[in-house]
Amino acid sequence: PAPCTYSISATSTSVGNSGGSAVVNVTAASNCSWVATSNTSWISVNGGGSGNGTVSISIAPNADTTSRTGTVTIAGQTY
C-alpha cells in the first residue's frame, strides 16, 4: 500500500479569555490511522481513528489576563 499522508483543514484558532471550541477535519486514506493529543491541560481533544474524520477541540477559559499558547498534534500535524 501507499504510505499514509494526512492533512488537516485548519492549522490554528484564536479564542478570547472566555475559552471556546474548534473542529478540525482530517483527510487521510481509509487504511491510515491517526490520533489527536493536546500538549496542555487546558485544551481538550476528542478524536482519532482511520481515514477521514474530525477532531473536536475545547479550550478552557483563561482567568489570567496574559495570553497563552498551546498546541494539539493531529495525525502528526501541529494545530
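**Entry 1: strands β4 and β6**

I started with strand β4, residues 43-46, which pairs with β6 in the antiparallel sense over 4 bridges. For my own notes: strands are DSSP runs of E with at least two residues, helices are runs of H or I with at least four residues, and both are numbered from the N terminus. Two strands pair if DSSP finds at least two bridges between them. I then looked up who stands opposite I43 in β6, and I found I59.

Before going on, I wrote down what I was looking at. This is a predicted model, where local features need pLDDT of at least 70 and side-chain atom pairs count only at pLDDT 80 or more, while totals for chains, interfaces and linings use all residues. Residues are numbered from 1 along each chain as its sequence is written, and side-chain values use heavy atoms, with hydrogens and water left out.

**Entry 2: more on β6, then β2 and β1**

I stayed with β6 and found that β2 pairs with it too, antiparallel, over 7 bridges. I picked out two of the matches: G20 has I59 as its bridge partner in β6, and S21 has S58. So I59 turned up twice in my notes, once opposite I43 and once as the partner of G20.

Next came strand β1 (residues 7-8), joined to strand β2 (residues 20-27) by 2 bridges, with the two running antiparallel. Here I8 has V26 of β2 as its bridge partner.

**Entry 3: S7**

I zoomed in on S7, which lies in strand β1. Is S7 buried or exposed? Neither, really: S7 has 35% relative accessibility and counts as partly exposed. The cut-offs are under 20% relative accessible area for buried, over 50% for exposed, and partly exposed in between, using a 1.4 Å probe and protein chains only.

I also listed what S7 touches, with contact meaning heavy atoms within 4.5 Å. Leaving aside neighbours within four places in sequence, S7 is in contact with N25, V26 and T27. I checked Q77 as well: S7 and Q77 are 70 residues apart in sequence, yet 7.4 Å apart in space, C-alpha to C-alpha.

**Entry 4: the open sheet**

I traced an open sheet of 4 strands in the order β5-β3-β7-β8, with antiparallel pairing. β5 (48-50) and β8 (77-78) stand at the edges with a single partner strand each, so one side of each has no neighbour in the sheet. Strand β3 (residues 33-38) pairs with β5 over 3 bridges, in the antiparallel sense. One match I noted is S33, whose bridge partner in β5 is S50.

**Entry 5: two loop residues**

First I looked up G51, in the loop between β5 and β6 (53-59). G51 is buried, with a relative accessible area of 3%. Apart from neighbours within four places in sequence, its contacts are V26, A28, A29, S30, C32 and W34. For W34 I also took the C-alpha distance to G51: 8.0 Å, at 17 residues apart along the chain.

Then I turned to N62, in the loop between β6 and β7 (72-74). N62 is buried as well, at 13% relative accessible area. Not counting residues up to four places away in sequence, N62 touches N17 and R68. A polar atom of the N62 side chain lies 3.1 Å from the backbone nitrogen of D64.

**Entry 6: the largest pocket**

How many residues line the largest pocket? I got 20, and T13, V15, W42, R68 and G70 lie nearest its centre. The lining divides into 7 nonpolar, 12 polar and 1 charged. The volume of the largest pocket is about 350 Å³. A pocket here is an open set of points on a 1 Å grid over the protein atoms alone, where a 1.4 Å probe fits and protein lies on both sides within 12 Å along at least five of seven lines; lining residues have an atom within 4 Å of a point.

**Entry 7: the whole protein**

Last, I stepped back. I counted 0 helices and 8 strands in the protein. The C-alpha trace spans about 50 × 20 × 15 Å along its principal axes. Of the 79 residues, 25% count as buried. Among contacts with a separation of 6 or more, 53% come from residues 24 or more positions apart.

Conventions. Grid points are joined across faces, edges and corners, and a volume is the space filled by probe spheres set on the points. Ala, Val, Leu, Ile, Met, Phe, Trp, Tyr, Cys and Pro count as nonpolar, Asp, Glu, Lys and Arg as charged, and the others, Gly among them, as polar. A polar contact is a pair of N or O atoms within 3.5 Å; within protein, one must be able to donate a hydrogen and the other to accept it, and residues adjacent in sequence count only if both atoms are side-chain atoms.
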